[in-house]
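Biologist: I am new to this structure and would like to learn how to read it. Could you walk me through a few features, step by step?

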Amino acid sequence: MTADPSLHQRRRPLTEAELAAIPWLQVLLPDERQRAVDDLRIAEAAPGEYLCRMGRPVTYWFGVVDGLLKMSTDNAEGQTMTFTGVPPGGWFGEGTALKRETYRYNIQALRKSQVAGLHVDTFHWLLDHSIGFNRFVMNQLNERLGQFIAAREIDRMTNPDIRVARSLASLFNPVLYPGVGEVLRITQQELAYLVGLSRQRVNEALNALEAQAFIRVEYGGLRVLDLQALRSRVFTRQITP
């Protein structure tokens with residue numbers, strides 16, 4: 001599924017339960033679905049393992065069945081910029097697959113993750129034959145555009161509460177990540193990696209958001225109580241550096 005032979009060798013066909021977690025399969029006609037199912041493969045990525053690397057050619061369109069991934073780039077100075085996390089239900093890289101170009105970002109597993117892949121040739125076959133699949137990909141691209149515009153805005157924010165709130169809101173996008181639901185299984189350290197803040201700052205921001213009844217911190221994750229507030233509210237609480 002990548003240039004890394006170890007991950008490629010670990011791939012296998014999906015079980016019925018894993019196939020049921022793939023949202024776009026539901027929009028395909030029977031012959032289209034069979035073509036996709038025959039081609040789909042899944043592998044378990046270890047924490048820290050890369051699925052995609054900048055500069056390598058696209059071979060698969062990927063989706064997270066379970067786990068959490070990080071999308072980022074490295075600049076010439078060796079600094080890493082994180083664009084977004086990819087929680088369960090999220091499929092990514094459709095723009096790269098459409099153009100059959102090299103990756104402009106890295107995709108890395110933040111924890112043990114089950115990641116499915118559809119070969120780029122089958123991806124294009126579905127585009128050529130399936131109206132339902134075309135609509136799904138168009139919706140993905142539209143939502144992705146909004147997500148990256150928001151990510152640029154988040155990058156320029158200095159208020160930790162707002163950064164954490166907006167980042168959380170992006171992970172609860174029901175179109176891009178339908179597998180998340182109301183509870184996101186994520187640790188404070190994983191969220192800190194995605195937001196670009198220290199774990200302590202993230203903890204303070206989560207406490208502030210919980211005090212305002214926008215989220216509830218639960219064992220092993222976070223429950224969103226007011227998604228619209230996370231997306232739009234301006235928080236004025238000051239945190240001492």
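**Helices and a sheet**

Modeller: Gladly! Keep in mind that this is a predicted model. In it, the axes of helix α8 (residues 188-195) and helix α9 (residues 199-211) come within 9 Å and cross at roughly 105 degrees.

Biologist: How are two packed helices described, in general?

Modeller: By the angle between their axes and the distance between the axes. Angles of 65 to 115 degrees count as roughly perpendicular, and α8 and α9 are therefore roughly perpendicular to each other.

Biologist: Which residues of α8 and α9 make the contact?

Modeller: On the α8 side they are Gln188, Gln189, Leu191 and Ala192, and α9 brings Arg199, Val202, Asn203 and Leu206. Sorted by character, the residues of this α8 and α9 contact are four nonpolar, three polar and one charged.

Biologist: Now the sheet. How do strands pair?

Modeller: Strands of a sheet pair through backbone hydrogen bonds, either parallel or antiparallel. Here, four strands form an open sheet in the order β1-β8-β3-β6, with antiparallel pairing. Its edge strands, β1 (41-45) and β6 (91-92), each pair on one side only.

Biologist: How many bridges join β3 to β6?

Modeller: Two bridges join β6 to strand β3 (residues 60-66), and these strands run antiparallel. Phe62, for instance, has Phe92 in β6 as its bridge partner.

Biologist: Which strands does helix α3 lie across?

Modeller: Helix α3 (residues 30-39) lies across β1 and β8 (113-119), running at about 120 degrees to β8. Helix α5 (residues 120-129) also packs on the sheet, where α5 touches β3 and β8, and its direction makes about 60 degrees with that of β8.

Definitions and conventions. Residues are numbered from 1 along each chain as its sequence is written. This is a predicted model: local features need pLDDT of at least 70, side-chain atom pairs count only at pLDDT 80 or more; totals for chains, interfaces and linings use all residues. Side-chain values use heavy atoms; hydrogens and water are left out. Axes are lines fitted to C-alpha atoms, for helices over the stretch in contact, and angles run from 0 to 180 degrees between N-to-C directions. Angles under 35 degrees count as roughly parallel, over 145 as roughly antiparallel, 65 to 115 as roughly perpendicular and the rest as oblique. Contact means heavy atoms within 4.5 Å. Ala, Val, Leu, Ile, Met, Phe, Trp, Tyr, Cys and Pro count as nonpolar, Asp, Glu, Lys and Arg as charged, and the others, Gly among them, as polar. Two strands pair if DSSP finds at least two bridges between them.
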